[in-house]
Amino acid sequence: MEDTIAAIGTALGEGGIGIVRISGPESRQVVENLFIPNNPENWRRWQSHRLYLGHFCEDSRKQKIIDQVLVVTMKGPHSYTGEDMAEIHCHGGYLVVRAVLEAVLSQGVRLAQPGEFTRRAFLNGKLDLAQAEATIDLIRSKSRAGLTAAVNILDGKLSQLIERCQEELLRMIAYCEAAIDFPEDEIEVLEPEEIKSVVNHLIGKIEKLLADYDKGRLLRDGVKTVILGKPNVGKSSLLNALLGRERAIVTEIPGTTRDLIEEPLDLGGVPLRLIDTAGIRPTEDLVEKIGVERTKAVLKEADLALLVLDAATGVTDNDRLVLQLAREAAVPLLVVINKMDLEPVLINKEQLEASFPDLTVLEISALSGYGLPELEEKVRSMVGLGEVRFDGEPLVTRLRHRQALLKALDHLQQLLGSLEAGLPEDFLTIDLRGAWEALGEINGKTVGEDVLDKIFAEFCIGK
Ligand SMILES: Nc1nc2c(ncn2[C@@H]2O[C@H](COP(=O)(O)OP(=O)(O)OP(=O)(O)O)[C@@H](O)[C@H]2O)c(=O)[nH]1
Ligand SMILES: [Mg+2]
């Protein structure tokens, strides 16, 4: 029997309400011990999943009241964790919520570990591992599209697909094993051709999931977009303009930005992680040197680089140096000519594209906002998430899932090889089982405690 756990379920800080949640066999008793209902008659005829108004007390003597609260208790298995649960909805002040939690803990309840509610939900079969992971992705999502991807998985779209694949595999395993165990009997057998067609079908499904992984990853983690350029071209101004607020310091002094500045931005549903960098130039200044090194390092992990040029200076040797760095990093590149509001303009899109035919160039002014809508549109289309539509197909967003899918794919391809070579059934079952187990890592059917520990450690306490 599990013990009873409790934690604050809402974010800490001031808010309209704060919620302390409890899960485990003692949930209802704990509330009973600390709660004074406004309507004792109703409370006596208690019903699951019903809110009751009253006061919450420091201890079971019920002399000192902490707050006016709403309580709800939920009878398992019809609860998030599948166990008996309770929630105390109090006012959302930092001290109030803590006091309610402390009162609950004083009743012999243990403080929950990060993700422990969801872990119990998983262990009680309320959701599978992919869905548990999706809950944390949902909480953390930084864009509407990322949110939709997480909700799709939480709804079980990925789980159902994996489940169906596993059922197919089990069916084939059963046939192969029957053929091994009762070779003499007149049992129904699967023809190699039939196995082959089922396996090919499964391979197709897995390959489709894998093909969309990059899209899924970008939606989950955000598109790492580095703003790059020589000093003073307006990188920080561009960051601020895109964010719509003065995040980075802007001055007319070259070398203003010395460190990386990273901010999330929801660009019409596409999550960006915008990174402003120190202007690149040959320098002897130690701090600036470190900044330039950091710019180079972050460029290596970038999904996209915005190379900023200054219309008023034209293309200088320093710009060529930056361009070379970007090319070495082999990161998708978009060139923007900034300060198009200034006179005289020494370079424009046409000239630049004529001398560098491989570059995509846009003209903007971070100061006036000219060209920014076009820039946003271009970024979205370059990222390939321009119109993220969900046709109900799940998007794989986690590296863990991708690795499991690759493993399953490998087994299925081996299996095709064995079929071609006419190898006997026991060879086939090895790979059928291997594929089944690999897929089980996604929904959690075949993962060990250590993997679970790692996954749930990512969660916040109270989820
Ligand atoms: N006229 C005009 N001035 C701009 C524009 N964008 C930036 N500036 C000016 O250019 C100067 C440098 O801008 P920053 O945004 O600090 O440039 P930076 O590239 O971040 O510079 P470092 O951090 O030093 O590398 C400031 O004086 C800005 O006001 C623009 O579109 N038009
Ligand atoms: Mg700057």
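Helix H10 (residues 235-243) sits among several other elements in this predicted model. What covers its buried residues includes strand S8 (223-228), strand S9 (261-267), strand S10 (270-276), strand S11 (304-310), strand S12 (333-338) and helix H14 (372-383). The helix is mostly covered, with eight of its nine residues buried. They are Lys235, Ser236, Ser237, Leu238, Leu239, Asn240, Ala241 and Leu242. What follows H10 in the chain? Glycine 244 does, and its phi is positive, near 80°.

**Around the ligand**

H10 also matters to the picture around ligand 1, since the largest share of the shell, three residues, comes from this helix. Of the 23 residues around ligand 1, the ones that come nearest are Gly234, Ser236, Ser237, Thr257 and Gly279. Two of these names, Ser236 and Ser237, also appear in the list of buried H10 residues. By class, the shell holds seven nonpolar, twelve polar and four charged residues.

**The six-stranded sheet**

Now look at the strands that help to cover H10. Six strands form an open sheet, in the order S9-S10-S8-S11-S12-S13, and their pairing is mixed. The edge strands are S9 and strand S13 (361-363), each of which pairs on one side only. On average, neighbouring strands of this sheet are turned by 25° against each other, direction ignored. At the S13 edge, three bridges join S12 to S13, and these two strands run parallel. You can find valine 335 standing opposite valine 361 in S13. Helix H11 (residues 286-300) packs on this sheet, where it touches S8, S10 and S11, and its direction makes about 145° with that of S8.

**The seven-stranded sheet**

Strands of a sheet pair through backbone hydrogen bonds, either parallel or antiparallel. There is another open sheet to explore, formed by seven strands in the order S3-S4-S5-S6-S2-S1-S7, again with mixed pairing. Why is one side of S3 and of S7 left without a neighbour in the sheet? Strand S3 (35-37) and strand S7 (110-111) stand at the edges and have a single partner strand each, so one side of each stays free of a neighbour there. Two bridges join strand S1 (residues 5-8) to S7, and the two run parallel. Here isoleucine 5 stands opposite arginine 110 in S7. Helix H1 (residues 27-34) lies across strand S2 (15-23), S3, strand S4 (50-57), strand S5 (65-74) and strand S6 (85-92), running at about 40° to S6.

**A residue in a loop**

Between S1 and S2 there is a loop, and glutamate 14 has its place in it. Is glutamate 14 buried or exposed? This residue counts as exposed because it has 11 C-beta neighbours inside 10 Å, and a residue with 12 or fewer falls in that class. Leaving aside residues up to four places away in sequence, glutamate 14 touches Gly92, Gly93 and Tyr94. Proline 332 is 318 residues from glutamate 14 in sequence, and their C-alpha atoms are 43 Å apart in space.

**The domains**

Finally, step back to the whole chain. The protein is divided into three parts, listed here with their bounds.

| Domain | Residues |
|---|---|
| domain 1 | 5-126 |
| domain 2 | 131-212 + 394-443 |
| domain 3 | 219-383 |

Taken over C-alpha atoms, the centres of domain 1 and domain 2 are separated by 41 Å.

Terms used:
Residues numbered from 1 in each chain as written. Chains lettered and ligands numbered in written order. Predicted model: local features only at pLDDT ≥ 70, side-chain atom pairs only at ≥ 80, totals over all residues. Near = placed C-beta within 6 Å. Helix = DSSP H or I, 4+ residues; strand = E, 2+ residues; numbered from the N terminus. Nonpolar A, V, L, I, M, F, W, Y, C, P; charged D, E, K, R; others polar. Buried ≥ 20, exposed ≤ 12 C-beta atoms within 10 Å, placed from the backbone. Contact = placed C-beta atoms within 7 Å. Pairing = 2+ DSSP bridges. Axes fitted to C-alpha atoms, helices over the stretch in contact; angles between N-to-C directions. Domains from an automatic or database assignment.
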